[in-house]
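Shall we walk through this fold together, one question at a time? Keep the viewer open and follow along.

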Amino acid sequence: EFKPQELASLAWSFTKANCREPELFAALAVGAAARLGEFTPKALGETAWLKGRVYAKRLGEFAPQGLANLAWAYAAGGQPAPALFDALAAEATPRLAEFKPQELASLAWSFATAGHAAPALFDGLASRLSVLVGELFTAQGLSNTAWAFAAAGRPSPALFARLAAEATPRLSEFKPQEL
């Protein structure tokens with residue numbers, strides 16, 4: 001019998017590999033639902049999309065990475081979950097100072113990919129990312145961040161100026177699809 005973290009890792013791995021196996025996911029959903037109370041916030045975030053729900057009261061237990069991972073799992077898995085994205089935005093927005101740059105970029109990408117409007121979250125992300133854009137940002141991170149804000153219809157002039165200033169001297173680092 002799988003332990004909760006093993007169920008979570010299996011679900012995350014198949015999602016990350018973009019490998020859709022409906023029978024496996026159905027079995028994982030049954031196994032995860034039966035043992036929901038045993039899951040850590042990280043494991044819960046990695047498997048929550050299997051059943052298409054998560055209890056918003058538990059989001060406060062999530063570390064910033066767990067919130068970003070949960071948003072990514074739903075967005076990457078193409079799982080519609082407007083109530084979850086509302087709860088994620090409400091939990092993440094006042095805690096943005098706790099997030100690492102990559103986690104912030106991942107949140108922006110996830111909300112944009114899901115097509116979920118969260119103006120206050122995007123305003124907070126733009127403000128925070130404008131300060132952090134040079135820290136540990138890869139070419140892909142710069143590109144994904146610009147894409148997310150454009151796709152979400154939230155182009156922040158200050159953020160885009162910082163992204164441009166960071167990207168311009170590093171254009172040789174970008175892959176063609178990142179330009």
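Q: How many helices and how many strands are there in the chain?
A: This is a predicted model, so please read every value here as computed from it. Along the sequence the pattern is α-α-α-α-α-α-α-α-α. The count is therefore 9 helices and 0 strands.

Q: What percentage of the residues of the chain count as buried?
A: The cut-off for buried is under 20% relative accessible area. The chain has 179 residues and exposes about 9000 Å², with carbon and sulfur atoms supplying 59% of that area. The share of residues that count as buried is 45%.

Q: Among contacts with a separation of 6 or more, what share comes from residues 24 or more positions apart?
A: Contact here means heavy atoms within 4.5 Å. One pair far apart in sequence is Phe 14 and Gly 77, 63 residues apart along the chain, with C-alpha atoms separated by 9.9 Å. For the chain, the share from residues 24 or more positions apart is 64%.

Q: Which elements give two or more residues to the largest nonpolar core?
A: This core holds 40 residues. Phe 85, Leu 88, Leu 107, Phe 111, Leu 121, Leu 125 and Phe 149 touch the most other members. The elements that give two or more residues are α4, α5 (82-92), α6, α7 (119-132), α8 and α9 (157-167).

Q: Against which helices do the buried residues of α5 pack?
A: Start with the residues themselves: the buried ones in α5 are Leu 84, Phe 85, Ala 87, Leu 88, Ala 89 and Ala 92. A helix has 3.6 residues a turn, so residues three or four places apart point the same way. The buried residues of α5 pack against α4, α6 and α7.

Q: Leaving aside neighbours within four places in sequence, which residues is Phe 111 in contact with?
A: Phe 111 is one of the core residues that touch the most other members. Two residues named among the buried ones of α5, Phe 85 and Leu 88, are on its contact list. The full list is Ala 71, Phe 85, Leu 88, Ala 89, His 116, Ala 118, Leu 121 and Phe 122.

Q: Is His 116 buried or exposed?
A: His 116 sits in the loop between α6 and α7. Beyond its sequence neighbours within four places, His 116 is in contact with Pro 82, Phe 85, Asp 86, Phe 111 and Phe 122. Its relative accessibility is 13%, and the cut-off is under 20%, so His 116 counts as buried.

Q: Which helix supplies the largest share of the lining of the largest pocket?
A: The largest pocket has a volume of about 460 Å³. Of its 15 lining residues, the closest to the centre are Lys 16, Trp 72, Gln 102, Ser 106 and Asn 144. At least two lining residues each come from α1 (4-16), α4 (64-76), α6 (101-114) and α8 (139-151). The largest share, 5 residues, comes from α6.

Q: How many residues of the pocket lining are polar?
A: The lining also includes nonpolar and charged residues, 5 of the former and 2 of the latter. The number of polar residues is 8.

Q: Which residues does Ser 106 contact, leaving aside neighbours within four places in sequence?
A: Ser 106 is found in helix α6 and is one of the residues closest to the centre of the largest pocket. With 15% relative accessibility, Ser 106 counts as buried. Its contacts are Ala 68 and Trp 72.

Q: What is the C-alpha to C-alpha distance between Ser 143 and Phe 174?
A: Ser 143 lies in helix α8 and is buried, with a relative accessible area of 15%. Not counting residues up to four places away, Ser 143 touches Phe 174 and Glu 178. Ser 143 and Phe 174 are 31 residues apart in sequence, and their C-alpha distance is 8.5 Å.

Q: Is Thr 138 buried, exposed or partly exposed?
A: Thr 138 lies in the loop between α7 and α8. In space, Thr 138 is 8.5 Å from Glu 173, C-alpha to C-alpha, although 35 residues separate them in sequence. Its relative accessibility of 44% falls between the 20% and 50% cut-offs, so Thr 138 counts as partly exposed.

Technical notes. Residues numbered from 1 in each chain as written. Predicted model: local features only at pLDDT ≥ 70, side-chain atom pairs only at ≥ 80, totals over all residues. Heavy atoms only, no water. 1 Å grid on protein atoms, 1.4 Å probe; cavity = no way out; pocket = protein on both sides within 12 Å on 5 of 7 lines; lining within 4 Å. Points joined across faces, edges and corners; volume = space filled by probe spheres on them. Helix = DSSP H or I, 4+ residues; strand = E, 2+ residues; numbered from the N terminus. Nonpolar A, V, L, I, M, F, W, Y, C, P; charged D, E, K, R; others polar. Buried < 20%, exposed > 50% of the residue type's maximum accessible area, 1.4 Å probe, protein only. Areas by Shrake-Rupley, 256 points an atom, 1.4 Å probe, with all protein chains shown as cover. Core = buried A, V, L, I, M, F, W, Y, C linked by side-chain atoms within 4.5 Å.
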